[in-house]
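User: Please take a close look at the metal site in the structure shown below. Then set that site beside the salt bridges of the chain.
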Amino acid sequence: MIALGIGIGLLAVLVLYWLFLAPSAQVFGHYPYRAGRADRVVALTFDDGPNEPYTSQIADLLDRQGIRGTFFQVGSCIERHPATIDRLVAAGHVVGNHSLTHRFTTYLRPGAFRREIDASQRLLRERLGRTPVLARTPWLWRQPALLRMLRRRGLEPVAGVFCHPLEVFQRDGAAIARRALARTRPGTILIFHDGFDGRGGYRAETVEAVRLTIEGLRARGYRFATVDEMLGVPAYRSQ
Ligand SMILES: [Zn+2]
């Protein structure tokens, strides 16, 4: 009886995870995690920055390789490292909205996440002189009202495929890269983390993983696109 209870409990957790968080779940609305492409093209994306020195190290790697990435940035981190975003944009990388504080509790209070998105949009607009179109919710959390709220604001919700389930614990870069390569198909939007929530933190293994992943993807004949190019949407609006 106890075993049955535990079994049902685990199943409930899995179903809830899949509905609200799994990249492939589209039950609550369209939240693209890949583009329907036959050619070998991939979009590299980076969440939770800016976080120095790691965001700049990743940008150095991309710039040396002539690759443009898409950075979903946290408003409170932008306030900490305002110059980083200028450098990213000057190099042609695309910047999107990843909330103001990245706190899970903001999902639990009505209106709180909307205010987070709006505050981060204001910060980004001030910095960029234009308004980002791409947005990604922390942990890829989704529910119909949330995705509708983003679209009403002219934002395009973009999910993706996590490079490695344990990247957050900074497993070694080679292991992260191996998993990232195994998960990549034509049209994949791949997620790395140049920061950790809204708090920064050690990300050297991610930097190494990005280097190795690029090497591996090139060897497999992949080319690289930004998310807006991949999905055929604009990256910014003028206002
Ligand atoms: Zn995040």
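Analyst: The account below treats the metal site and then the salt bridges.

The model is predicted: local features need pLDDT of at least 70, side-chain atom pairs count only at pLDDT 80 or more, and totals for chains, interfaces and linings use all residues. Residues are numbered from 1 along each chain as its sequence is written, and side-chain values use heavy atoms, with hydrogens and water left out.

Three residues coordinate the zinc ion at 2.0 to 2.1 Å: D48 through OD, and H98 and H102 each through NE2. Donors here are N, O and S atoms within 2.8 Å of the metal (3.2 Å for Na, K and Ca); water is not among the atoms, so the site may look incomplete. Along the sequence, the donor residues follow the spacing D-x49-H-x3-H. D48 belongs to strand β1 (residues 41-49), whereas H102 sits in the loop between β3 (94-97) and α5; the pair therefore ties together parts that are 54 residues apart in sequence. Helices (H or I, at least four residues) and strands (E, at least two) are DSSP runs, numbered from the N terminus.

Both of these donors lack exposure: D48 is buried, with a relative accessibility of 3%, and H102 is buried at 4%. Buried means under 20% relative accessible area, exposed over 50%, and partly exposed in between (1.4 Å probe, protein chains only).

The structure also contains eleven salt bridges, each a side-chain nitrogen of Lys or Arg within 4 Å of a carboxyl oxygen of Asp or Glu. Two of them share R87 in helix α4 (residues 82-90). With D60 of helix α2 (residues 54-65), R87 makes a contact of 2.6 Å, N to O, and this pair links parts of the chain 27 residues apart. With D63, the closest N and O atoms of R87's bridge are 3.1 Å apart. D63 also lies in helix α2, so this second pair ties together parts that are 24 residues apart in sequence. The three partners are partly exposed, with relative accessibilities of 32% for D60, 28% for R87 and 31% for D63.

Elsewhere, the side chains of R37 and D39 form a salt bridge at 3.0 Å, N to O. R37 is partly exposed at 26%, and D39 is partly exposed at 30%. These two residues join R223 in a network of salt bridges.

Set side by side, the donors D48 and H102 are buried, whereas R87, for instance, is partly exposed.
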